[in-house]
Amino acid sequence: MQADLARFRLEYACGMDEVATKINILRQEFDQTHQYKPIEHVKTRLKSIESLLEKATRLGCRRDFDAVREQIRDIAGIRVVCTFVEDAYRVADMLVRQPDITLVAKKDYIATPKPNGYQSLHLIVEVPVFLSDRAIQVPVEVQIRTIAMDFWASIEHQIKYKYEGNVPDHLRERLKDVADSASSLDAQMGQLRDEIRSLATD
Ligand code: 0O2
């Protein structure tokens, strides 16, 4: 069982590495040839066994590898933090256009934020992983967002953790206001960049 679990996690770790490599290649190429940095930083995480079991219980998922594989698609996760909103869409586009990447699902919480104010572009992509005896398709969740959205999400996550999910109403409202401010900051920064760009081409 322990060996099966290790093997199961290894598949996701490999899928995550494949997609992270693709994103890092895009990042390096932009840095070197376009002298422009759309990607600020990239983080990877493999869901812990504890969090995987908690999610399986929440979803009423059978405790076998095939059922978990089918129902839980964010076991391997990559977070890509971009400078501007436009960059988030651009990076998503460059990734899903790659021929060995299959886009399985997309949730655009930038266009339609969650009621609490959460913003991010979520993709579930499948990538092939070539093992010694076969190739498998591994799903990887890619969350793409701006620095402002990431700042908000990280503070909101800490607050939610502190209150074990029962965030008091007054804090919820404050968080929603701050999310609106983050959104406005992103919009203003985008406009500023557009103005600078148009000055450079004049
Ligand atoms: P962790 O520890 O980051 O992995 P579900 O995964 O079932 O809860 P769904 O619909 O499958 O929900 O996925 P969704 O809505 O695309 O969100 C999945 C992940 O997005 C979460 O993973 C968080 O990382 C992030 N996320 C979604 N909503 C929020 C939010 O309101 N605030 C913050 N800070 N992050 C959010 P996990 O598994 O919850 O956590």
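Colleague: By class, which residues does the shell around the ligand have?

Modeller: Start by sorting the shell into classes. Here there are 2 nonpolar, 5 polar and 5 charged residues. Keep in mind that this is a predicted model. Among the residues around the ligand are Lys47, Asp74, Lys107, Asn116, His122 and Glu156.

Colleague: And which helix gives the most to that shell?

Modeller: Look for the element that contributes the most residues. That's helix H5, residues 147-162, with 3 residues.

Colleague: On to the sheet. What is the order of its strands?

Modeller: Read across the sheet, from one edge to the other. This one is open, has 5 strands in the order E1-E2-E5-E4-E3, and its pairing is mixed. Strands E1 (39-46) and E3 (102-108) are the edges, each pairing on one side only. On average, neighbouring strands are turned by 25 degrees against each other, direction ignored.

Colleague: In what sense do E3 and E4 pair?

Modeller: Follow the bridges. E3 and E4 are antiparallel, over 6 bridges. One residue to find is aspartate 108, whose bridge partner in E4 is leucine 121.

Colleague: Which strands does H1 lie across?

Modeller: Check contacts, then direction. H1 lies across E1, E2, E4 and E5, and it runs at about 175 degrees to E1. H5 also packs on the sheet, touching E1, E2 and E5, with its direction at about 95 degrees to that of E5.

Colleague: Which residues of the largest nonpolar core touch the most other members?

Modeller: Among its 25 residues, pick out Val80, Ala88, Val91, Val140, Val142 and Ile144. H1, E2, H4, E4 and E5 each supply at least two residues of this core. Another core, of 6 residues, lies apart from it and includes Ala148 and Ala153.

How values were computed: Residues numbered from 1 in each chain as written. Predicted model: local features only at pLDDT ≥ 70, side-chain atom pairs only at ≥ 80, totals over all residues. Near = placed C-beta within 6 Å. Helix = DSSP H or I, 4+ residues; strand = E, 2+ residues; numbered from the N terminus. Nonpolar A, V, L, I, M, F, W, Y, C, P; charged D, E, K, R; others polar. Core = buried A, V, L, I, M, F, W, Y, C linked by C-beta atoms within 7 Å. Buried ≥ 20, exposed ≤ 12 C-beta atoms within 10 Å, placed from the backbone. Pairing = 2+ DSSP bridges. Axes fitted to C-alpha atoms, helices over the stretch in contact; angles between N-to-C directions. Contact = placed C-beta atoms within 7 Å.
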